[in-house]
Amino acid sequence: MTRRTSMQLGGALALLGGWVLGCGEGADGIEQGTMGSVSRKASLLAPGTPELVRDVRTTAPTLTASFYFSGELDGALYFLGNDGSSGEELWKTDGTAAGTVLVKDVCPGANSATINSFTPINGVLVFSANDCTHGQELWKTDGTAAGTVLLRDIRPGLDSSTPSALVPFNGALYFVADDGSTGRELWKTDGTVAGTVRVADVPYGPGTASPDNLTVAGSYLFFTGQDGSGRELWRTDGTAAGTLRVRDIQAGATGSTPQYLRAMNGILYFSADAGLSSSGRELWRSDGTSAGTYLVRNIESGQYSSSPENLVVMNGLLYFSAYDSTGNRELWRSDGSESGTVRVADIVSGQNGSSPSALTVAGSVLYFTATGDTGGRELWKSDGTAAGTVRVKDIFPGSSSSSISYPTGVGNTVYFTATDGVSGKELWKSDGTEAGTVLVKDIYVGSGAGNPINTVYALGSLYFAATHDGSSRRLWKSDGTEAGTVAVSTGASGSAPESLTGMNGAVYFTADDGVNGRELWKSDGTSTGTVLVKDVQAGAPGSHPESVIRLGNTLYFAANDHSNGRELWMSDGTSAGTVLVRDIWSSFSGSFPGGLTAVGSFVYFSAGESQYGRELWRTDGTSSGTVRVKDIAYLTASSHPQELKSIGGLLYCAAETPSFGSELWRSDGTSSGTFQVKDIGAGASASAPREVTSLGGVLYFSAQDSVAGRELWKSDGTLAGTVLVADLRAGVASSSPETLIAVGSALFFIADDGVSGRELWKTDGTAAGTVQVADLWPGAGSASPKGLTVLNGVLYFTAEDGVSGRELWKTDGTAAGTVRVVDLHAGAASGVGAVSMLALEAEGLLLFTGSDGVSGTELWVTDGTESGTWRVGDVAPGASSSFPRSLVREGDTVFFTAEDGMSGRELWRLPLVTIASP
């Protein structure tokens, strides 16, 4: 293939020679046709060279780090960081200094948001946080400031529901929370407000079930809970009826208090106490039924307890530490049967025992710490046999202990922190041999302790927090070598522009300059013309504008000026013209406007107040014209309007009522003209409409009922005209349509029919006309198309075919016309992982982000052909990535945000330069 790595004006005409730019004549004087050769008139516009508009934030905060998310989301690792001004807040990193940025200051100012329990679900990261307004509640993020939002205020007001124990199960995230009325109970969420519901209220008089130890095994989510019979083993299938106590192991109010829950081969294993009159605390197993829940072996015979601890699974066997009849705690294993539950080795004979702990698997080896005959606690390993259970190395020689902690298995290597008595507590690694058990790096040089903590493996490296000077704890990563163990970031985070919106030749955005906090800015594309519009909340905290939209010559957004809380604001682009529209909820917290959507001459949004809860509002830009449209959920109950869409001069949204759950509603802006279209979910069961899209005056959306699961629906706005389009995955199983987009006379979307995985589909609105476009990853593999973008009647997207990684594709709606545009990163590697796209309609070009494996992730352009695809500049030179995103066109300029490795994430521009035709 021919790939352009840069574009110079002198050679631009040659590069443009094969472009075809659409049909008809554009305003710029281009005669446009279909893909192929093209004749042009006087001139055309083409991408120039990216330019930094302005380095808005020049200060470089010192970042300290503490707690990490043990996994990845879209190529980033999330953690808690403190830059000295924002408190301990949500940060993310791609492993580079430039890519280590503050996601959002959830609790604005120097206070900390008390973030914990990071867990991914359905493409977002869900976590518990306190924004200093709603108490400790459930939040979610897509990695952007605008996409970091309160998921649901389960316990309204300043009180906290305190979500905890987040665990994925059957496509949802389960957790424990207290709504203030039923106590701490089991909840679940699919990442939406309507889909965040209590699973069951376990009856326990005035008490609370207080579920804990959530663990998935087989077809159930197991947990420990109490209902008056003491703390026992419970399980759920996700429904209230399917949430029940498995067995009352210790009858009476005491309970067996199950601990150390662990799944192996679809069975749950755990430690439970049957009581002094029975077997004491021993190893149990359960398949989710009462009959299938029984004692595996009474290791410490009689009423005494072996007290199994630290259960881990390796090679189909369960390993744990336990006492036996001699009174010593040693290493045991079990295959789930009584006869197959045996002691592995008697490391220290007699009643003392070696007390194995910190059991960790690396490859086919079990590593653990144990106290040997010399008295020191060191690193041991086992292959499951007595002969193969040996001390790896006496790291701190003699009777002293090396104080091993945070063991993490990566491949066949185990990493851990330890001290050898010379270098303090530092990062070590072991391959299971004495010679291969070595100090990785003395981070705090000398006898000082670097004290690495919270070690996780992600993004191809080991990440942890450590100190090099005994004071500030920073983010580090390691590839297992001394040279490759480095601090990730202590420098500039940039102003992190968000919510880019074009208006009257300028682009508006939110940014944090390090002095005024996050506020509204604007730019005409020049450094001097890039200015703060207004410091709404004076000082470093900032007003944190969100949900920025344009209506005519006015911007609307939500902001917090500290005096009125978070309320609705508007701006004409001047400081004087940036004003509070109305103080809807006169309280310190405010009404938290959200989902701002322009319909005709009004802006619709959801907002909360003490008397009527969170309902649908609209504004004409005046205080008197800012009114609640309707109290959908009566009085203080909240309808939580979401998925607001403007279609045919009407507003459509999903709204929730106690009687019908979350369903499709429509509004003409009046109370009488605001009504539920149809109760799809029947009764209180919510259909939770999503992805509301219009095609030919007909609404299409994803919804769920008790018969077909979540499938594609359509509506003409009437009860009778709201029907299921097609049940692509027959029965209650769901095809889960998403990313609905209209192209010509067809609606395209992504769905999984249970046979071909998640692939691209289209519909003409009939069941017969709802068909899969192409099975890009043949068989059950999922191509999982993303970034669907229309350019002159052609749909572009990224997808995986199981061979070439994730690359750029296009389709005309036929299988034969669905082709890969280019294998940007040749071979199995992905060229367009996390993609941003922008269609330049008049020019017939598509801007997108990608990497060829040489230059990192940068901005690329294509005319839809392989030869007409090349990189537009190299913002972060060499192999580094600038990760362009938030592409917005205003006039003849494309604005976007990027990181050049020096300034942090800032505002950039790509001029569309005029090129004369021959």
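Begin by selecting residues 212-217 and 220-226, strands β17 and β18, which run antiparallel and are joined by four bridges. The model on screen is a predicted one. Within this pair, display A217 and Y220 of β18, which stand opposite each other. The hairpin of β17 and β18 has two residues between its strands, and one of them, G218, takes a positive phi near 65°.

**The sheet β9-β10-β11-β12**

Next, select the open sheet whose four strands follow the order β9-β10-β11-β12 with antiparallel pairing. Its edges are β9 and β12 (149-152), each of which pairs on one side only. On average, and with direction ignored, neighbouring strands here are turned by 40° against each other. In the interior of the sheet, six bridges connect β10 and β11 in the antiparallel sense. To locate this pairing, show V126 and, opposite V126, K140 in β11.

While this sheet is displayed, centre on S117, which has its place in strand β9. S117 is not a glycine, yet has a positive phi of about 60°. The side of the cut-off on which S117 falls can be stated: its relative accessibility is 22%, so S117 counts as partly exposed, the buried class being reserved for values under 20%.

**The disulfide**

How many disulfides does a search of the whole structure find? The search finds one. Select C107 and C132, which the disulfide joins with an S to S distance of 1.6 Å. This link of C107 and C132 is left-handed, with -100° about the S-S bond. The pair links distant parts of the chain, 25 residues apart: C107 is in the loop between β8 (101-104) and β9 (116-121), and C132 is in the loop between β10 (124-130) and β11 (136-141).

Are the two partners buried or exposed? C107 has a relative accessible area of 1% and is therefore buried. C132, with a relative accessible area of 30%, is partly exposed. For a further cysteine, select C653, which is buried at a relative accessible area of 2%.

**E498 and its surroundings**

Move now to E498, found in strand β41 (residues 498-503). E498 is buried, because its relative accessible area is 6%, a value in the range under 20%. Which residues should be displayed around E498? Apart from its neighbours within four places in sequence, E498 is in contact with T144, A145, A146, F509, T510, R518 and R885.

**H544**

Proceed to the loop between β44 (530-534) and β45 (546-551), where H544 lies. The phi of H544 is near 50°, a positive value in a residue other than glycine. H544 is buried, with a relative accessible area of 6%.

**The sheet β61-β62-β63-β64**

The next selection is an open sheet of four antiparallel-paired strands in the order β61-β62-β63-β64. Its edge strands are β61 (738-743) and β64 (771-774), each pairing on one side only. From one strand to the next, the twist averages 35°. Toward one edge of this sheet, β63 (residues 758-763) and β64 pair in the antiparallel sense over three bridges. Display K762 together with its bridge partner V771 in β64.

**The largest nonpolar core**

Then turn to the largest nonpolar core, which has 17 residues. Which members touch the most other members? They are L840, L847, L887, V894, F896 and L910. The elements that give two or more residues to this core are β69 (837-840), β70 (845-850), β71 (858-862), β74 (893-899) and β75 (905-916).

Centre on L847 and display the residues that it touches, not counting those up to four places away in sequence. The list comprises P47, S836, M837, L838, L840, L859, W860, V861, V872, L887, V894 and L910.

**S903**

The tour ends in the loop between β74 and β75, where S903 lies. S903 counts as buried, since its relative accessibility is 8%. Add R54 to the selection: the C-alpha atoms of S903 and R54 are 9.3 Å apart in space, while the two residues are 849 residues apart in sequence.

Conventions. Residues are numbered from 1 along each chain as its sequence is written. This is a predicted model: local features need pLDDT of at least 70, side-chain atom pairs count only at pLDDT 80 or more; totals for chains, interfaces and linings use all residues. Side-chain values use heavy atoms; hydrogens and water are left out. A nonpolar core is a set of buried Ala, Val, Leu, Ile, Met, Phe, Trp, Tyr and Cys residues joined through side-chain atoms within 4.5 Å. Buried means under 20% relative accessible area, exposed over 50%, partly exposed in between (1.4 Å probe, protein chains only). Contact means heavy atoms within 4.5 Å. A disulfide is a pair of cysteine sulfur atoms within 2.5 Å. Two strands pair if DSSP finds at least two bridges between them. Axes are lines fitted to C-alpha atoms, for helices over the stretch in contact, and angles run from 0 to 180 degrees between N-to-C directions.
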